[in-house]
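Trainee: I should like to request a close look at one pocket of this protein. Please explain how its walls are made up and then set it beside another pocket.

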Amino acid sequence: MHTSDWHVGRMFHGRDLLTDQESVLGGLADLVVDRHVDVVVVAGDLYDRAVPSGEAVAACTRILSRIRQAGAELVIIPGNHDSATRLGAFSEFAAAGGLHLRTRIADVGRPVLLDDRHGPVAFYGIPYLEPEPARHALGVPAARGHQGVLTEAMNAVRADLSSRPGVRSVVLSHAFVTGGERSESERSIAIGGMELVSGSVFDGVDYVALGHLHGPQELADHLCYSGSPLAYSFSEANHRKSVWLVELDADGLAEVRRVELPVPRRLATLQGELAELLVRPALEELVDRYLFVVLKDQVRPIDAMRRLQRRYPFAVRMEWQPAGGRLADPLTYPDSAPVRDDDEIACRFVADCRGAEPLDAERELIAEAFAAVRGKEETR
């Protein structure tokens, strides 16, 4: 079973997802039993941050224990959100219990060897490679960017594999491969614009379990992203969250099947004027969804989010985009500094907040207010 990007401990617009994450990920143990899964691979970003909370670690431990008790071995690599050092602590002891953590760059050419009825399968774990430190750790200071360091890592994999004739192979890698489609919730791994790597880097192995992109994608028969198990941005509202079931026969890759995961709470985007959204009966079906609400009122409503959450308790994000109008360009100090006129700066602020230029009467009031202030300053 190929999965990745669990991001245990992640928040969704201020909402705690830990219960949902444990529900969905704990359910992987049932799939292990039902589908007779021998090995579960997690291709990076087990946690959402390098130093996860105690609650996140406890939840992740329970999830991994359920999968192991269901009968599967686990092979895990760190992603760009994880701390490779922390994740890899006690890895030698964990391996004795069936949890194989491949977190060291020096070990990219040293596989985890697991047997099935056809013989051994070599699982090579390539942790997320930050190009600058990775090129030195790999002993190739001339390598540049993600393409360069991943090429060298795969050279080490192929060199080891060549000494194991007839052994089938699986590579775990956390990277942005050309042709993959990103969403809003991935953290950029761009280094000087060189984040993309070619799929041909991974030639020569039976299956490549990719992590980093949060949408399930099949770039080639043997080259797949499992995606995240839950949606972590509204751009993923239409994703069918999944895992891949990969079958290897005596000759190598036999079949790759996608199994969809349950959705604890669906996402939706809602647009309209506040008064209408609060009463329209047809919207009742959205009450239990995480909502991104775009308000179209001509004037920004007061206390809009609190009023929305009375009807939609899972409204978590809101933007104001007045219908038929345009929001003024954001007012920044570099833009406003050259303007020496206080009245104009204040008018820009009003336009920025309201999305429309001040009326003439409002401009007059602003001018009068500044005039009054200047008069007081002159009498001091």
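Mentor: The second largest pocket has a volume of about 430 Å³. A pocket is an open set of points, on a 1 Å grid over the protein atoms alone, where a 1.4 Å probe fits and protein lies on both sides within 12 Å along at least five of seven lines. Its volume is the space filled by probe spheres set on points joined across faces, edges and corners. The model is predicted, with pLDDT of at least 70 needed for local features and 80 or more for side-chain atom pairs, while totals for chains, interfaces and linings use all residues. Residues are numbered from 1 along each chain as its sequence is written, and side-chain values use heavy atoms, without hydrogens and water.

Let us begin with the walls. The second largest pocket is lined by 22 residues, a lining residue having an atom within 4 Å of a point. Closest to the centre of this pocket are Tyr47, Leu64, Leu87, Leu99 and Leu101. At least two lining residues come from each of helix H3 (54-69), helix H4 (84-87) and strand E6 (99-101); helices (H or I, at least four residues) and strands (E, at least two) are DSSP runs numbered from the N terminus. H3 is the chief contributor to this lining, with six residues. By chemical class, the lining of the second largest pocket holds 14 nonpolar, four polar and four charged residues. Here Asp, Glu, Lys and Arg are charged, Ala, Val, Leu, Ile, Met, Phe, Trp, Tyr, Cys and Pro are nonpolar, and the others, Gly among them, are polar.

We may now turn to the other pocket. The largest pocket encloses about 590 Å³ of space. Its lining comprises 24 residues, and those closest to its centre are Asp38, Val39, Val246, Glu247 and Leu248. Strands E4 (39-43), E7 (112-116), E8 (119-126), E12 (207-211) and E15 (242-249) are the elements that each give two or more residues to the lining of the largest pocket. Among the contributors, E15 gives the most, namely four residues. The lining of the largest pocket divides into 13 nonpolar, three polar and eight charged residues.

Set side by side, the two pockets can be read as follows. In the second largest pocket, a helix, H3, supplies the most lining residues. In the largest pocket, a strand, E15, has that role. Charged residues number four in the lining of the second largest pocket and eight in that of the largest pocket.
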